[in-house]
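These are my notebook entries on helix packing and on one strand residue. I begin with the helices.

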Amino acid sequence: MIHFLMVAGKQGKPRIGRFFTHQKEQISTQTAVIKLCLRDGKEEGFVNYEDMTLVYKLYVNVWFIVGVSHEENELAMFELFQNLVETLKTYLGKVTEVDIIFNMDRVYMIIDEMIIDGQIAETCSSRILVPLQLMDAAK
């Protein structure tokens with residue numbers, strides 16, 4: 001099960017945080033998780049944190065971090081990151097920290113289409129983007 005998904009800038013500033021399970025202190029959890037992943041010095045990897053496994057990857061200048069239960073497949077989370085980045089790239093044109101900041105509501109919508117209640121629900125980019133395209137067409 002996915003407990004949370006975070007997107008942070010290269011320096012570790014949190015940009016997006018979606019929690020799927022209750023965390024006592026979400027802000028302190030965000031800070032601790034991001035510091036732990038950045039301290040490792042690698043561009044991707046996984047590390048144990050409390051009662052979960054953190055899976056993280058750096059794409060261009062944006063960190064994608066997910067906290068999952070120990071039973072979850074870490075490599076599947078790397079595939080989730082790849083799918084999320086490809087979907088964002090299709091919709092936004094490129095995936096940079098600035099694009100994520102200025103399109104935060106759209107990024108949250110994409111994440112919510114992909115992950116429902118801590119489970120991966122959709123992986124097809126064209127299906128994920130349908131609600132966004134309908135909203136854009138209605139403007």
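**Helix packing and a strand residue**

I looked up helix α4 (residues 104-114) against α5 and found that their axes come within 8 Å and cross at roughly 145°. The model is a predicted one. I recorded the crossing of α4 past α5 as right-handed. I then listed the residues that meet there: α4 supplies R106, M109, I110, E113 and M114, while α5 supplies I128, L129, P131, L132, M135 and D136. Sorted by class, this contact of α4 with α5 has 8 nonpolar and 3 charged residues, with no polar ones.

**Second partner of α5**

I next took helix α2 (residues 74-92) with helix α5 (residues 125-138). I noted a packing angle of about 35° and axes 10 Å apart. The crossing of α2 and α5 is right-handed. On the α2 side I listed N83, T87, T90 and Y91, and on the α5 side S125, I128, L129, L132 and D136. By class I entered 4 nonpolar, 4 polar and 1 charged residues for the contact of α2 with α5. I128, L129, L132 and D136 of α5 appear in the list for α2, and these residues of α5 also appear in the list for α4.

**Helix α2 by itself**

I checked the length of α2: its 19 residues reach 27 Å from the first C-alpha to the last, close to the 27 Å expected at 1.5 Å a residue. I asked which residues of α2 are buried. The list reads M77, F78, L80, F81, N83, L84, V85, T87, L88 and L92. Of these, N83 and T87 are buried, and both also take part in the contact with α5. I noted a general point here: an α-helix has 3.6 residues a turn, so residues three or four places apart point the same way.

I then inspected both ends of α2. At the start, a side-chain oxygen of N73 reaches to within 3.0 Å of the backbone nitrogen of L75. Just after α2, G93 takes a positive phi of about 100°.

**Residue F4**

I turned last to F4, which lies in strand β1 (residues 2-9). Why does F4 count as buried? I entered the reason as its relative accessibility of 0%, because buried means under 20%. Setting aside neighbours within four places in sequence, I found F4 in contact with R18, F19, F20, Q23, T29, V33, M52, L54, I65, V66 and G67. I also recorded the separation of F4 and Q30: 26 residues in sequence and 9.5 Å in space, C-alpha to C-alpha.

Methods. Residues numbered from 1 in each chain as written. Predicted model: local features only at pLDDT ≥ 70, side-chain atom pairs only at ≥ 80, totals over all residues. Heavy atoms only, no water. Axes fitted to C-alpha atoms, helices over the stretch in contact; angles between N-to-C directions. Helix = DSSP H or I, 4+ residues; strand = E, 2+ residues; numbered from the N terminus. Left-handed = near helix turned anticlockwise from the far one by under 90°. Contact = heavy atoms within 4.5 Å. Nonpolar A, V, L, I, M, F, W, Y, C, P; charged D, E, K, R; others polar. Expected span 1.5 Å × (residues − 1). Buried < 20%, exposed > 50% of the residue type's maximum accessible area, 1.4 Å probe, protein only. Polar contact = N/O pair within 3.5 Å; in protein donor to acceptor, adjacent residues only side chain to side chain.
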